[in-house]
Amino acid sequence: MSAPPELDPVIHAQARLRVVATLATLADGDRIAFPRLQEVLAMTAGNLSVHLRKLEDAGYVEVTKTHHGRTPATLLRLSRRGQLAFEEYTAAVRALLDPPTERN
């Protein structure tokens with residue numbers, strides 16, 4: 001019998017899983033503004049910032065700081081590495097929930 005698949009600890013924390021799952025729904029090339037992501041996830045700015053930093057440090061999230069006129073804006077999206085990590089994470093969860101049947 002093989003060992004169960006490992007779940008990525010960076011993604012596995014509930015708040016980070018919610019962030020990554022939300023960012024994974026964006027179309028290629030799209031970004032979401034920090035306040036919009038905060039609203040969608042119903043998270044405080046501080047809490048969301050902490051989890052985004054962890055994801056950014058792992059290379060899973062790309063953060064772009066820009067301006068719209070004089071107003072600063074922070075735009076977010078999953079990096080290619082983050083997309084792959086999320087795909088591997090979801091495959092591991094599926095494998096845990098629906099393990100292959102053993103044959104004699």
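In which strand is Thr-74 found? Thr-74 is found in strand S3. The legends below describe a predicted model.

**View 1. Thr-74 is a buried residue of strand S3.**
The relative accessibility of Thr-74 is 19%. The cut-off for buried is under 20%, so Thr-74 counts as buried. Contacts of Thr-74 beyond four places in sequence include Ile-32, Ala-33 and Phe-34. Val-63, Thr-64 and Lys-65 are also in contact with Thr-74 on that basis.

**View 2. The whole protein has five helices and three strands.**
Along the sequence, the elements run α-α-β-α-α-β-β-α. The radius of gyration is 16 Å, well over the 13 Å from the globule rule for 104 residues, so the protein is more spread out than a compact globule. Along the principal axes, the C-alpha atoms fill a box of roughly 70 × 25 × 20 Å. Of the 104 residues, 31% are buried. Consider contacts between residues at least 6 apart in sequence: 53% of them join residues at least 24 apart.

**View 3. The surface of the protein exposes about 7,200 Å².**
Carbon and sulfur atoms supply 52% of this exposed area. The protein carries 13 positive and 12 negative charges. The mean positions of these two sets lie 7 Å apart.

**View 4. The largest nonpolar core holds 22 residues.**
Val-19, Leu-23, Leu-37, Leu-48, Leu-52 and Leu-76 have the most contacts inside the core. At least two core residues come from each of helix H1 (9–12), helix H2 (14–23), helix H3 (34–41), helix H4 (45–57), strand S3 (71–78) and helix H5 (80–97). H2 gives the largest share, four residues.

**View 5. Val-19 is one of the core residues with the most contacts inside the core.**
Neighbours within four places in sequence are left aside here. Val-19 then contacts Leu-37, Leu-41 and Met-43. Leu-48, Leu-52 and Leu-55 are further contacts of Val-19.

**View 6. Leu-52 is a buried residue of helix H4.**
The relative accessible area of Leu-52 is 6%. With neighbours within four places in sequence set aside, Leu-52 is in contact with Val-19, Phe-34, Leu-37, Val-61 and Leu-76. Among these partners, Val-19, Leu-37 and Leu-76 are listed with Leu-52 as having the most contacts inside the core. Ala-3 lies 49 residues from Leu-52 along the chain. Their C-alpha atoms are separated by 31 Å.

**View 7. Leu-26 sits in the loop between H2 and strand S1 (32–33).**
Is Leu-26 buried or partly exposed? Leu-26 counts as partly exposed, at 25% relative accessibility. Not counting residues up to four places away in sequence, Leu-26 touches Arg-31, Ile-32 and Leu-76. Pro-5 is 21 residues from Leu-26 in sequence. From C-alpha to C-alpha, Pro-5 and Leu-26 are 27 Å apart.

**View 8. Ala-42 lies in the loop between H3 and H4.**
Phi of Ala-42 is near 55 degrees. This is a positive value in a residue other than glycine. The relative accessible area of Ala-42 is 71%. The cut-off for exposed is over 50%, so Ala-42 counts as exposed.

Key
Residues numbered from 1 in each chain as written. Predicted model: local features only at pLDDT ≥ 70, side-chain atom pairs only at ≥ 80, totals over all residues. Heavy atoms only, no water. Rg over C-alpha atoms; globule rule 2.2 N^0.38 Å. Buried < 20%, exposed > 50% of the residue type's maximum accessible area, 1.4 Å probe, protein only. Contact = heavy atoms within 4.5 Å. Areas by Shrake-Rupley, 256 points an atom, 1.4 Å probe, with all protein chains shown as cover. Lys, Arg positive; Asp, Glu negative; His and termini not counted. Charge placed at Lys NZ, Arg CZ, Asp CG, Glu CD. Core = buried A, V, L, I, M, F, W, Y, C linked by side-chain atoms within 4.5 Å.
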